[in-house]
Amino acid sequence: MTTAPASEHAALLKSLDLPAKVALLTGATSFTLAAEPAIGLSEVRLSDGPTGVRGLKFSGGRIVALFPNATLLASSWDESALEETGRLLAEEALAQQIHVVLGPTINLHRTPLGGRLFEAYSEDPLLTGRLAAAYVRGMQAHGVGATLKHLVANESETDRNTVDSVVDEATLRELYLLPFEIAVTDADAWSMMAAYNDVNGQAATEQIHVNNEIVKGEWGYRGLIMSDWFATRSAGPAANGGLDLVMPGPRGPWGDALVAAVRAGEVDEAVIDDHLSRLLLLAERVGALGTPRDYPDGLPAPDSAVRKEQLTRLAARGMTVLSNDNAVLPLEPAQSVALIGRHAVETIDMGGGSAQVNPPYQVSVAEGLSARLGDRVTVVDGVEVRTKPVPARGGFLVDPITGEPGIRVTLLDADGNELEQRHAANATTMVGMDDDFTGTVATAVLHGRITRAGRVELGVLGVGDWWIRVGHTESRPELRVSGKGFGEEVLTPPLHTQLYEVGEGELLEATVTLLNGDQFAGAGLFGLIGHKASRETVDVIDDAVRAAAGADVAVVVVGLTEEQETEAVDKSTLKLPGAQDALIEAVAGAARRTVVVVNAATPVIMPWLSRVDAVLWAGLPGQEGGHAIAAALLGEIEPAGRLVTTFPAADGTSPAWSVTPVDGKLEYAEGRFIGYRGHYAGRAPAAPAFWLGHGLGYSTWEYADARLISGEAPAVTVTVTNTGARDSREVVQVYFQPAGPDEPVRLVGWQGVDVPAGGSTRVTVTPDARMWRRWDAAAGAWDSVGAGGELLIARGLGDIRATVELPVS
């Protein structure tokens with residue numbers, strides 16, 4: 001889409017007075033920007049989007065496709081796959097008339113404890129940046145704007161609204177800003193989102209150095225910088241600090257305060273004009289300025305056959321074979337399989353927080369494998385994996401009016417008048433953030449009919465004063481936030497449960513009176529909880545052992561849940577929750593062969609690794625997760641992924657570990673030596689379990705005749721031979737180890753190739769020239785890392801196949 005010349009935007013600006021200009025620089029609602037008919041500006045609609053385009057409602061919105069999570073997509077090391085993802089997300093956006101998608105998340109995996117890593121691509125800035133640029137190209141080619149987030153040094157969730165990330169200039173530019181720079185330079189991303197945290201003592205939304213001097217100045221960025229939701233703390237300082245748009249609206253710290261700051265001389269009106277020019281450029285690019293855009297018909301539905309194929313393929317191709325002794329994988333279809341684990345029957349397909357969507361369904365591994373193997377699969381539930389119960393799922397509660405899975409919600413004002421009645425398919429509903437009715441909710445009434453008799457755990461979640469009744473039993477819990485995190489009412493609401501003996505068809509009734517308070521007063525996520533009471537761990541493991549002993553192969557599916565992989569909360573350990581390790585150990589001792597599937601987006605500790613035959617890392621695979629994992633296990637689709645983050649062997653053994661600020665500051669003391677860089681330089685307490693780039697696929701490979709091709713960023717060429725019996729994909733990776741003692745090794749390029757069984761191909765990898773520079777703090781400028789050093793040609797940094805010396809002059 002062409003953009004209007006600057007003079008045309010200048011004319012539009014002149015037609016508005018100062019209050020009208022400023023009014024457009026705060027959102028109109030939670031996820032929309034205001035229209036201004038006088039200048040031909042239509043409403044601009046935004047949606048969260050890391051794993052699907054949710055739409056204008058935070059919870060309970062329309063049915064949309066649930067995509068594989070970012071680390072799983074990134075594990076393909078395939079820019080074409082990310083470009084396809086961007087295109088598919090654009091289709092999902094266009095189907096809802098969404099103009100801007102709030103993604104991709106391109107913060108780095110600084111420490112594996114980060115709760116939000118599942119939204120981000122990698123610990124490596126080049127891999128992150130190039131994959132993000134591909135995603136942006138795929139999305140924006142269809143007129144839907146992408147949003148790079150979160151600018152910048154936003155790698156942990158602990159105290160995320162107050163923490164000061166302390167990062168030296170070289171580390172900031174070479175690592176944490178580099179993915180943003182690549183996505184701007186290579187793909188011209190149309191917007192960015194400023195983070196909650198401070199950076200070196202200054203709020204990200206007021207970052208003159210980052211936002212104005214680097215992004216808009218050095219990079220010449222023409223796009224818009226918006227705030228994260230509720231992140232803006234000031235009027236004048238934020239406006240002068242490069243922030244263009246405050247979200248959400250309609251309230252916020254700008255408005256009259258920013259008008260007053262301009263009239264007092266604190267902010268020049270030219271600054272306001274620049275902010276609004278960027279907003280108008282974004283609106284024009286997405287078809288909301290001037291003639292309204294046309295929206296295509298006939299886009300694939302979230303549950304269509306074409307979406308099923310796309311999402312299954314994208315998920316399975318990113319899955320990574322971590323170990324495969326005696327070629328146990330892929331499974332033989334004639335084998336009998338004992339499929340074991342809570343994650344097998346309740347597969348986790350997405351993380352928590354603002355990345356969640358309302359999918360048409362979520363396929364479990366049990367469903368996916370049983371669909372292919374039929375009665376050759378015996379399914380055994382696993383040990384408990386959660387410390388907190390979740391909203392009712394799987395038809396445990398049904399709407400007492402419609403009989404559909406979910407609950408019935410009635411919203412009332414202070415006088416008891418009904419404002420809205422709705423069906424909540426996932427047993428939760430959002431109140432007060434994205435309501436589209438007049439009136440203010442004072443009370444919510446929730447009903448769900450129980451479909452399973454016996455001993456069950458029932459309860460509620462959400463901030464307020466509750467009245468709960470099950471049969472003749474009543475309770476009146478008062479639920480409050482802990483005060484330990486921002487936005488708990490929405491992201492991590494408190495809950496209350498208790499055990500009941502119920503008959504099938506009994507009613508769970510609950511009424512909550514909403515509270516007054518801070519900016520989330522009367523707003524939050526509310527729902528009903530319902531599931532079978534947990535069994536004793538020893539009984540569960542006994543069942544698993546018996547099933548494993550009677551099958552040809554045991555497949556144990558373990559992993560994390562949205563308790564660990566979520567916005568607003570960091571992890572405290574990489575250990576699998578509950579007794580999952582004990583379950584694996586017991587099964588491995590009884591089974592002929594044991595395969596472990598790790599249903600998690602980020603690293604986990606594997607104390608049982610030497611006692612199992614194979615490990616498949618499956619990420620959070622989206623709505624087709626069970627089908628994708630089954631396809632990977634059976635070899636229908638090769639799980640050709642390569643790790644995007646180094647897996648530590650034990651807690652505390654990464655170069656960067658802690659996510660807890662000290663006196664409000666989180667020191668990035670490891671500097672440029674995060675992840676594999678620190679491990680390779682010997683700056684970590686122990687060697688990793690698996691290196692960045694590791695992944696076996698379903699074949700074996702030989703490398704030969706590696707040669708250097710001279711140039712500004714010297715390229716390499718090497719012959720790779722598929723020595724296995726299956727067609728396969730190889731990812732040839734090239735790392736640069738500079739000659740200087742304080743320069744870390746770094747990934748400089750890669751190339752994926754598909755090679756038939758027994759075939760050979762010549763692969764050339766041209767490194768990215770940006771990886772040959774270093775930031776000279778004394779000079780305040782980029783400089784070369786210098787001559788010499790070596791290029792490492794590898795199948796992952798733990799499996800280097802050839803080394804090429806670089807000339808010293």
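Reader: Let's start with Asp613: which residue's backbone nitrogen does the side chain of Asp613 reach?
Author: A polar contact is a pair of N or O atoms within 3.5 Å, where within protein one must be able to donate a hydrogen and the other to accept it, and residues adjacent in sequence count only if both atoms are side-chain atoms. Asp613 sits in the loop between strand E26 (594-599) and strand E27 (614-617); helices (H or I, at least four residues) and strands (E, at least two) are DSSP runs numbered from the N terminus. At 2.7 Å, the backbone nitrogen reached by this side chain belongs to Thr594.

Reader: Before we go on, what kind of model is this?
Author: Residues are numbered from 1 along each chain as its sequence is written, and side-chain values use heavy atoms, with hydrogens and water left out. Local features need pLDDT of at least 70 and side-chain atom pairs count only at pLDDT 80 or more, while totals for chains, interfaces and linings use all residues, because this is a predicted model.

Reader: Back to Asp613: how far away is the nearest side chain of opposite charge?
Author: Asp613 is buried, where buried means under 20% relative accessible area, exposed over 50% and partly exposed in between (1.4 Å probe, protein chains only). Lys and Arg count as positive and Asp and Glu as negative, while His and the chain ends are not counted. Asp613 has no salt bridge (a side-chain nitrogen of Lys or Arg within 4 Å of a carboxyl oxygen of Asp or Glu). The nearest side chain of opposite charge is that of Arg593, at 6.3 Å.

Reader: How many salt bridges are there by this rule?
Author: Side chains of opposite charge can pair when their charged atoms come close. One such pair is Asp399 with Arg408, with the closest N and O atoms 2.8 Å apart, and both residues are buried. By this rule the count is 52.

Reader: How many residues apart in sequence are the parts tied together by Lys21 and Glu269?
Author: The closest N and O atoms of the Lys21 and Glu269 salt bridge are 3.0 Å apart. Lys21 counts as buried at 5% relative accessibility, whereas Glu269 counts as partly exposed at 31%. Lys21 belongs to helix H2 (residues 18-23) and Glu269 to helix H11 (residues 269-285), so the separation of the parts they tie together, in residues, is 248.

Reader: Which helix holds both Arg546 and Asp543?
Author: Their side chains meet in a salt bridge at 2.4 Å, N to O. Arg546 is exposed, with a relative accessible area of 56%, and Asp543 is partly exposed, at 26%. The two lie three residues apart, about one turn, in helix H16.

Reader: What is the strand order of the open sheet of four strands?
Author: Two strands pair if DSSP finds at least two bridges between them. Strand E16 (428-431) and strand E22 (495-502) are the edges, each pairing on one side only. E16 has four bridges to strand E24 (residues 524-532), E18 has six to E24, and E18 has eight to E22. With antiparallel pairing, the order is E16-E24-E18-E22.

Reader: Within E18, which residue of E24 does Glu457 stand opposite?
Author: Six of the eight residues of strand E18 (residues 454-461) are buried, so this strand is largely enclosed by the rest of the structure. In E22, Glu457 has Leu499 as its bridge partner. In E24, Glu457 stands opposite His531.

Reader: And on E16, which residue of E24 is the bridge partner of Val431?
Author: In a regular strand the side chains alternate between the two faces of the sheet. Along E16, Thr428 and Met430 point one way and Thr429 and Val431 the other, all of them buried. Thr428 has Gly527 as its bridge partner in E24, and Val431 has Gly524.

Reader: Finally, which helix gives the most to the largest nonpolar core?
Author: A nonpolar core is a set of buried Ala, Val, Leu, Ile, Met, Phe, Trp, Tyr and Cys residues joined through side-chain atoms within 4.5 Å. The largest has 148 residues, and Met192 and Tyr735 have the most contacts inside it. With nine residues, the helix that gives the most to this core is H5.
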